[in-house]
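Work through the exercises below with the sequence and the model at hand. Each task is followed by its solution.

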Amino acid sequence: GRFVVEKNSLKVTAPDSLKGSYECAIGNFGVPQYGGTMVGVVAYPKSNRKACKSFDDFDISYKAKPGSLPTFLLVDRGDCFFTKKAWNAQNAGVAAILVADDKDEPLITMDTPEESGRADYLENITIPSALITKSFGDRLRKAVDGGHMVNVNLDWRESLPHPDERVEYEFWTNSNDECGPKCDSQIDFVKSFKGPAQILEKKGYTQFTPHYITWYCPEAFTLSKQCKSQCINHGRYCAPDPEQDFSKGYDGKDVVVQNLRQVCVYKVAKENKKPWLWWDYVTDFAIRCPMKEKKYTKECADGVIKSLGLDHKAIDKCIGDPNADEENHVLKAEQDAQIGKGARGDVTILPTLVINNRQYRGVCSVKPPKQFSIATSKLRGSGCAYPNICFAGKLDKGAVLKALCAGFQETTEPAVCLSEDIQTNECLENNGGCWHDKAANISACKDTFRGRVCECPVVKGVKFVGDGYTHCEASGSGRCEINNGGCWKETRNGRTHSACTDGGCKCPDGFKGDGVHKCEDVDECKERTACQCKECKCNNTWGSYECGCGGGFLYMKEHDTCISKDAGARVGWNFLWFLLFGLAAVGIAGYAVYKYRIRSYMDSEIRAIMAQYMPLDNQGEIPNHSHHIEM
């Protein structure tokens with residue numbers, strides 16, 4: 001098998017001798033703050049430095065005081081489980097735990113399956129944890145022991161890749177509900193997460209795939225009672241006995257068949273373009289068909305399938321014959337999927353969440369029960385013979401949703417990622433430090449799952465341009481419709497003037513200024529730019545002017561001059577008489593031309609008629625060509 005170490009970034013901001021970024025391995029327990037960051041100060045205890053005992057025994061407390069930075073506790077590796085260290089540190093009041101390795105080696109994931117126990121506190125660990133290298137741990141100890149204040153920033157924002165605008169994730173689970181509080185916790189997670197999961201899936205933000213772990217029975221034990229009760233298809237696909245007692249209750253093979261049915265429900269629902277119905281089926285089956293009520297049967301499952309409007313015949317065909325001595329292509333594909341590919345390691349823990357091909361951390365692992373002592377770690381083909389399994393996975397709705405949201409590129413997150421229960425809207429306080437037009441209530445602050453970005457907005461089809469922090473300005477056509485394009489505008493006495501144009505802010509005619517904050521009226525009378533003739537009388541108005549003439553004169557604005565009203569009247573009458581005489585002359589000339597053309601036409605017609613009956617003076621005699629016949 002192959003186990004991939006998931007890492008995040010640890011950045012030291014002080015002292016200068018340690019300043020820089022360092023890699024650390026995310027623990028496989030607690031709740032990593034996917035998509036977020038955490039700032040704190042490093043503390044190294046004077047006693048109980050391996051954190052294997054309660055810090056109360058040493059009268060040590062790290063509970064935060066008002067106004068103080070959170071504490072990141074540095075502890076040494078060794079003597080007890082990683083989870084025990086984290087639990088004791090959490091009870092002491094720290095915000096996160098940093099475990100320094102005790103030997104020079106590549107980073108590993110804390111709480112691997114081989115190193116974990118069945119402690120009841122595992123599911124209650126909530127602080128994030130990280131393993132750091134021995135060399136980095138030595139430098140941190142030296143700085144803290146030397147009296148330096150070591151400031152650290154833990155960054156989970158890029159722990160998950162986000163190659164596109166859709167997040168792809170896998171949920172490895174089990175239909176068994178008889179493993180006590182751990183199974184109850186898993187079912188509770190499915191019930192609580194169903195709503196957000198279906199919203200994300202229906203709107204195309206995510207692509208979800210459920211998976212189920214199965215194992216094969218070694219050939220030497222195929223005919224044993226254990227394999228026959230726990231396996232189908234002649235030992236090819238197996239699951240542990242639910243009650244861990246082969247003499248009562250349901251068998252492991254019943255779990256395998258129900259797991260197979262759940263996979264087929266997903267496949268048929270997906271073919272009908274409704275993959276989110278898997279969440280409804282799993283939730284309803286857990287409620288209606290529990291093992292403890294002896295309803296963990298095909299008949300009960302078919303009732304749930306029918307209530308969801310799915311084709312149970314298509315699902316039965318997908319399941320196939322569990323008694324056949326042949327491979328089941330669905331379960332074979334599930335075993336193939338267990339093997340790690342690319343950045344994802346082998347899946348050997350239940351439940352497991354894989355987001356964008358990276359395993360979600362924050363779950364635990366538990367060694368298999370005693371009846372699996374026949375298991376080996378040898379792989380056969382693509383399936384393994386009973387690897388270490390986990391019935392105590394810790395999945396929290398809020399933590400998982402944060403992890404999914406961390407898989408989106410910033411500013412592409414769906415609305416569910418911006419809800420108050422999983423993140424803080426940084427734009428609510430001081431507008432996030434971004435540009436803000438209070439008058440139009442337009443802001444460049446865009447809330448994101450990781451924090452906020454200052455980005456000039458697009459409002460009603462109008463794009464604002466600028467740096468987003470101190471300046472944003474509307475651009476293009478229609479810009480004047482949005483807060484007048486950020487330009488000056490004022491109304492007086494029912495008249496409105498604006499400096500907004502498609503090209504920018506420019507004071508209109510009659511005003512001067514920057515066009516943005518101020519445009520002042522130009523006094524044309526005082527500045528002698530208009531109404532300057534000798535007889536003119538100028539009166540300035542807002543944005544314009546009025547010009548008049550005294551003593552019987554009339555103002556002509558085009559020429560900026562005054563003329564006499566009487567002279568104007570004489571000129572008017574002379575022009576009128578000239579126009580009348582001109583029209584009369586044109587009429588007489590036209591009539592003369594008309595008479596001449598009519599008379600010429602009549603003459604030509606008469607000459608043509610006369611020419612048909614008698615020769616005219618200008619025509620010669622017509623010779624007689626008649627022939628005389630002699631008798």
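**Exercise 1: a salt bridge between two loops**

Lys-50 counts as partly exposed, at 31% relative accessibility (partly exposed lies between buried, under 20% relative accessible area, and exposed, over 50%, with a 1.4 Å probe and protein chains only). The model is predicted: local features need pLDDT of at least 70, side-chain atom pairs count only at pLDDT 80 or more, and totals for chains, interfaces and linings use all residues. Residues are numbered from 1 along each chain as its sequence is written, and side-chain values use heavy atoms, leaving out hydrogens and water.

Task: find which side chain meets that of Lys-50 in a salt bridge.

Solution.
1. A salt bridge is a side-chain nitrogen of Lys or Arg within 4 Å of a carboxyl oxygen of Asp or Glu.
2. The side chain of Asp-79 meets that of Lys-50, at 3.2 Å from N to O.
3. Lys-50 lies in the loop between β3 and β4, and Asp-79 in the loop between β4 and α1 (82-91), so the pair ties together parts 29 residues apart in sequence.
4. Asp-79 is exposed, with a relative accessible area of 70%.

**Exercise 2: a second bridge from the β3-β4 loop**

Task: state where Arg-49 and Asp-145 lie.

Solution.
1. The side chains of Arg-49 and Asp-145 form a salt bridge of 4.0 Å, N to O.
2. Arg-49 is in the loop between β3 (37-43) and β4 (71-76) and Asp-145 in helix α2 (residues 134-145), so the bridge joins parts that are 96 residues apart in sequence.
3. Arg-49 is partly exposed, at 30% relative accessibility, whereas Asp-145 is exposed, at 51%.
4. The structure holds 19 salt bridges.

**Exercise 3: the largest pocket**

Task: describe the lining of the largest pocket by class.

Solution.
1. On a 1 Å grid over the protein atoms alone, a pocket is an open set of points with protein on both sides within 12 Å along at least five of seven lines, and lining residues have an atom within 4 Å of a point.
2. The largest pocket has a volume of about 490 Å³, the space filled by probe spheres set on the points, which are joined across faces, edges and corners.
3. Its lining has 22 residues, with Cys-231, Ile-232, Lys-253, Pro-322 and Asn-323 nearest the centre.
4. By class, the lining of the largest pocket has 8 nonpolar, 8 polar and 6 charged residues (nonpolar: Ala, Val, Leu, Ile, Met, Phe, Trp, Tyr, Cys and Pro; charged: Asp, Glu, Lys and Arg; polar: the others, Gly among them).
5. α5 gives the most to this lining, with 5 residues (helices are DSSP runs of H or I, at least four residues, and strands runs of E, at least two, numbered from the N terminus).

Terms used. 1 Å grid on protein atoms, 1.4 Å probe; cavity = no way out; pocket = protein on both sides within 12 Å on 5 of 7 lines; lining within 4 Å.
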